Amino acid sequence: MSETVIDQVALEFREVMARVCTPVAVITAFDDQRPHGTTVSAFTSLSMGPPMVLVSLDRGSDLLAIIRRTGRFGVNVLAHDQADVAMRFARKGADKFDGIVWSESSALPRLDGTSGWLACTTESLVDGGDHVVALGNIAATGVAPVAPLTYHDRVFGTHRAFEVAS
Ligand SMILES: Cc1cc2nc3c(=O)[nH]c(=O)nc-3n(C[C@H](O)[C@H](O)[C@H](O)COP(=O)(O)O)c2cc1C
């Protein structure tokens with residue numbers, strides 16, 4: 001394949017993926033005593049029996065390095081009013097939790113005000129191109145009746161059901 005064709009595929013791949021409506025979660029772990037977190041849209045359920053999720057993390061992610069060491073991670077499914085939290089955890093640094101309300105749950109950092117919570121132990125880490133897919137077994141769960149945050153066409157939003165004609 002010529003370089004022009006490869007560039008075109010890469011460009012259109014991004015455009016196709018921009019059309020996919022995704023969830024938004026902050027994946028958390030403890031770096032010794034310090035909580036760390038990273039915003040992801042690439043997570044989904046993997047298995048129901050046993051219950052498992054998968055999360056795709058960039059090879060250069062600091063959170064990935066922590067998960068490699070600790071073997072566990074939390075999935076904080078963000079609520080519709082937490083776009084600011086998503087942006088806070090989408091940058092680099094050891095201070096991302098400054099000013100964030102959180103608590104320890106199942107030996108993992110858990111954010112307040114989320115739509116859902118999953119505490120996971122790492123089953124395996126699978127290489128995938130420039131990312132690594134973390135497969136997690138669910139150890140504990142939490143759920144709140146709050147609409148989730150979504151990401152679509154490079155902007156945040158939430159989900160609305162079609163109106164049902166009466
Ligand atoms: C909406 C949104 C979705 C993102 N999804 C992912 C993702 O699925 N995987 C990933 O590795 N990074 C994703 N990122 C980028 C990371 O949040 C960002 O690179 C972060 O700085 C990584 O931090 P860390 O090095 O502390 O882990 C996303 C960012 C945004 C704003």
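A residue counts as buried when its relative accessible area is under 20%, as exposed when that area is over 50%, and as partly exposed in between. The exercises below use these cut-offs on a predicted model.

**Exercise 1. Decide whether Thr150 is buried or exposed, and find which backbone atom lies 3.2 Å from a polar atom of its side chain.**

Solution.
Step 1. Locate the residue: Thr150 belongs to strand β11.
Step 2. Take its relative accessible area, which is 10%.
Step 3. Apply the cut-off: a value under 20% means buried, so Thr150 is buried.
Step 4. Look at the side chain. One of its polar atoms is 3.2 Å from the backbone nitrogen of Thr158.

**Exercise 2. Classify Phe97 by its relative accessible area, and state how far its C-alpha is from that of Pro109.**

Solution.
Step 1. Phe97 sits in the loop between α3 (83-88) and β7 (102-105).
Step 2. Its relative accessible area is 8%, so Phe97 is buried.
Step 3. Along the sequence, Phe97 and Pro109 are 12 residues apart. In space, their C-alpha atoms are 9.7 Å apart.

**Exercise 3. Find where Asp153 and Arg154 lie, and describe the phi angle of each.**

Solution.
Step 1. Asp153 is in the loop between β11 (150-152) and β12 (155-157). Arg154 is also placed in the loop between β11 and β12.
Step 2. For Asp153, phi is near 55 degrees, which is positive in a residue other than glycine.
Step 3. For Arg154, phi is about 70 degrees, again positive although the residue is not a glycine.
Step 4. Add the accessibility. Asp153 has a relative accessible area of 46% and is therefore partly exposed. Arg154, at 47%, is partly exposed as well.

**Exercise 4. Which peptide bond is cis, with omega near 0 degrees, and where is Pro50 placed?**

Solution.
Step 1. The cis bond runs from Gly49 to Pro50.
Step 2. Pro50 falls in the loop between β4 (43-48) and β5 (51-58).
Step 3. Gly49 can also be related to a residue far along the chain: Glu123 is 74 residues away in sequence, with 14 Å between the two C-alpha atoms.
Step 4. Glu123 itself is found in strand β9. Its relative accessibility is 47%, so it counts as partly exposed.

**Exercise 5. For Thr122 and Ser106, give the place, the exposure class and one C-alpha distance.**

Solution.
Step 1. Thr122 lies in strand β9, which covers residues 116-128. At 22% relative accessibility Thr122 is partly exposed.
Step 2. Gly136 is 14 residues from Thr122 in sequence, and the C-alpha atoms of the two are 4.5 Å apart.
Step 3. Ser106 is in the loop between β7 and β8 (108-111). Its relative accessible area of 32% makes it partly exposed.
Step 4. Ser106 and Ala119 are separated by 13 residues in sequence and by 6.6 Å from C-alpha to C-alpha.

**Exercise 6. Describe the surroundings of the ligand: which residues come nearest, and which element gives the most to the shell?**

Solution.
Step 1. There are 19 residues around the ligand, and those that come nearest are His36, Thr38, Ser61, Asp62 and Lys92.
Step 2. Sort the shell by element. β3 (34-40), β5 and α2 (62-70) each supply at least two residues. β3 gives the most, with 4 residues.
Step 3. List polar atoms placed by oxygen atoms of the ligand. A polar side-chain atom of Lys96 lies 2.8 Å from a ligand oxygen. A polar backbone atom of Leu63 is 3.1 Å from a ligand oxygen. For Arg91, a backbone N or O atom is 3.2 Å from a ligand oxygen.
Step 4. Consider the covered area. Taken alone, the ligand exposes 660 Å², and the protein buries 82% of that.
Step 5. Name the site: the ligand takes up the space of the largest pocket.

**Exercise 7. Which residues does UniProt list for "domain: Flavin reductase like", and what is the helix and strand content of that span?**

Solution.
Step 1. The UniProt record, an unreviewed entry, lists residues 17-158 under this name.
Step 2. The span is 12% helix and 54% strand.
Step 3. The C-alpha atoms at its two ends lie 17 Å apart.

Note on methods
Residues are numbered from 1 along each chain as its sequence is written. This is a predicted model: local features need pLDDT of at least 70, side-chain atom pairs count only at pLDDT 80 or more; totals for chains, interfaces and linings use all residues. Side-chain values use heavy atoms; hydrogens and water are left out. UniProt positions are given in the numbering used here, feature names are shortened, and annotations may be inferred rather than shown by experiment. Buried means under 20% relative accessible area, exposed over 50%, partly exposed in between (1.4 Å probe, protein chains only). A residue is near a molecule or strand if one of its heavy atoms lies within 4 Å of it. A polar contact is a pair of N or O atoms within 3.5 Å; within protein, one must be able to donate a hydrogen and the other to accept it, and residues adjacent in sequence count only if both atoms are side-chain atoms. Accessible areas come from the Shrake-Rupley method with a 1.4 Å probe; for residues, only the protein chains shown count as cover. On a 1 Å grid over the protein atoms alone, a cavity is a set of points where a 1.4 Å probe fits but cannot get out, and a pocket is an open set with protein on both sides within 12 Å along at least five of seven lines; lining residues have an atom within 4 Å of a point. A molecule sits in a cavity or pocket if more than half of its atoms lie within 2 Å of its grid points.
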